[in-house]
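Grab a coffee and open the model in your viewer. Below are a few exercises, each with a worked solution to check yourself against.

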Amino acid sequence: MRLVEIGRFGAPYALQGGLRFRGEPVVAHLERIYVEGHGWRAVEDLYPVGDELVVHLAGVSTRELAEALVGLRVYAEVAALPPLEEGRYYYFALMGLPVYVAGQKVGEVVDILDAGAQDVLVIRGVGERLRDRMERLVPLQAPYVRVEREGIHVEPIPGLLD
């Protein structure tokens, strides 16, 4: 069983054990989640409040019980994640993928940053020189970035990886 982090719990909501959830909306499709240090918990209810999601878990029925979970990481089993439509992907699946420019491997994805308007790949370079191994930022933007099964292909745009 492989787990992937999908978010964290924020502040308690109301008095009945609700928790604000900060993370991937995929939580709405899950019957259970793994809570850091507390194990598996069934998701009993989930609803939006403004721009946030509130989650109610089995066994967490008071504000005091919810307070003990604030800030904890929330995980999901990879096999339980809903399938995505063609051309979409989970970001955890991009981690570690090789990155190619004009057929040459230039590095691998080590992180993905939320930069507001678009997400940015953090690519750690490969090579003999220190300069070759530094991290570079590449916007995850079509059409010059293609995600394929064997890796990520970036168009050789001058200055992008220089």
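Before we start, one term: a pocket is an open set of grid points with protein on both sides within 12 Å along at least five of seven lines, and its volume is the space filled by probe spheres set on the points. Keep in mind, too, that this is a predicted model.

**Exercise 1. Work out how much space lies in the second largest pocket, and which residues line it.**

Solution. Start with the volume: the second largest pocket holds about 160 Å³ of space. Next, walk round its wall, where you'll meet E86, G87, R88 and Y89, then V147, E148 and R149. Now sort that lining by class: four residues are charged, two are nonpolar and one is polar.

**Exercise 2. Do the same for the largest pocket, and find which strand gives the most to its lining.**

Solution. The volume here is about 780 Å³. The lining counts 22 residues, and E24, Y89, Y90, Y91 and F92 are the ones nearest the centre. By class you get 14 nonpolar, six charged and two polar residues. As for strands, β1 and β8 each bring at least two residues to the lining, and β8 is the top contributor with four.

**Exercise 3. Decide whether I6 is buried or exposed, then place it in its core.**

Solution. First, find I6 in strand β1. Its relative accessibility is 6%, and the cut-off for buried is under 20%, so I6 counts as buried. Then look at who surrounds it: leaving out residues up to four places away in sequence, I6 touches F21, G23, E24, V26, V27, L30, I33, V74, Y75 and A76. One of these, V74, is 68 residues from I6 in sequence, yet their C-alpha atoms are 5.8 Å apart.

Now zoom out. I6 is among the residues with the most contacts inside the largest nonpolar core, a set of 21, along with F9, F21, I33, V35, L57 and L69. At least two residues of this core come from each of β1 (3-13), β2 (18-23), β3 (32-35), β5 (52-57) and β6 (73-77). A separate core of 14 residues lies apart from it, with V99, V109, Y144 and V145 among its members.

**Exercise 4. Describe how strand β7 is covered on its faces and which strands it pairs with.**

Solution. Take the side chains first. In a regular strand they alternate between the two faces of the sheet. In β7 (residues 98-101), P98 and Y100 sit on one side, V99 and V101 on the other, and all four are buried.

Then check the partners. β7 pairs with β8 (residues 104-114) in the antiparallel sense, over four bridges; V101, for instance, has Q104 as its bridge partner. With β12 (residues 151-154), β7 runs parallel and shares three bridges, and V99 stands opposite I152 there.

**Exercise 5. Look at the loops holding A14 and A102: what is the sign of phi, and how exposed is each residue?**

Solution. Recall that most residues other than glycine have a negative phi. A14, in the loop between β1 and β2, has a positive phi of about 65°. A102 has a positive phi too, near 50°, and belongs to the turn of the β7–β8 hairpin, which has two residues between its strands.

Finish with accessibility. A14 comes out at 42%, so it counts as partly exposed. A102 has a relative accessible area of 64%, which makes it exposed.

Conventions. Residues numbered from 1 in each chain as written. Predicted model: local features only at pLDDT ≥ 70, side-chain atom pairs only at ≥ 80, totals over all residues. Heavy atoms only, no water. Core = buried A, V, L, I, M, F, W, Y, C linked by side-chain atoms within 4.5 Å. Buried < 20%, exposed > 50% of the residue type's maximum accessible area, 1.4 Å probe, protein only. Pairing = 2+ DSSP bridges. 1 Å grid on protein atoms, 1.4 Å probe; cavity = no way out; pocket = protein on both sides within 12 Å on 5 of 7 lines; lining within 4 Å. Nonpolar A, V, L, I, M, F, W, Y, C, P; charged D, E, K, R; others polar. Contact = heavy atoms within 4.5 Å.
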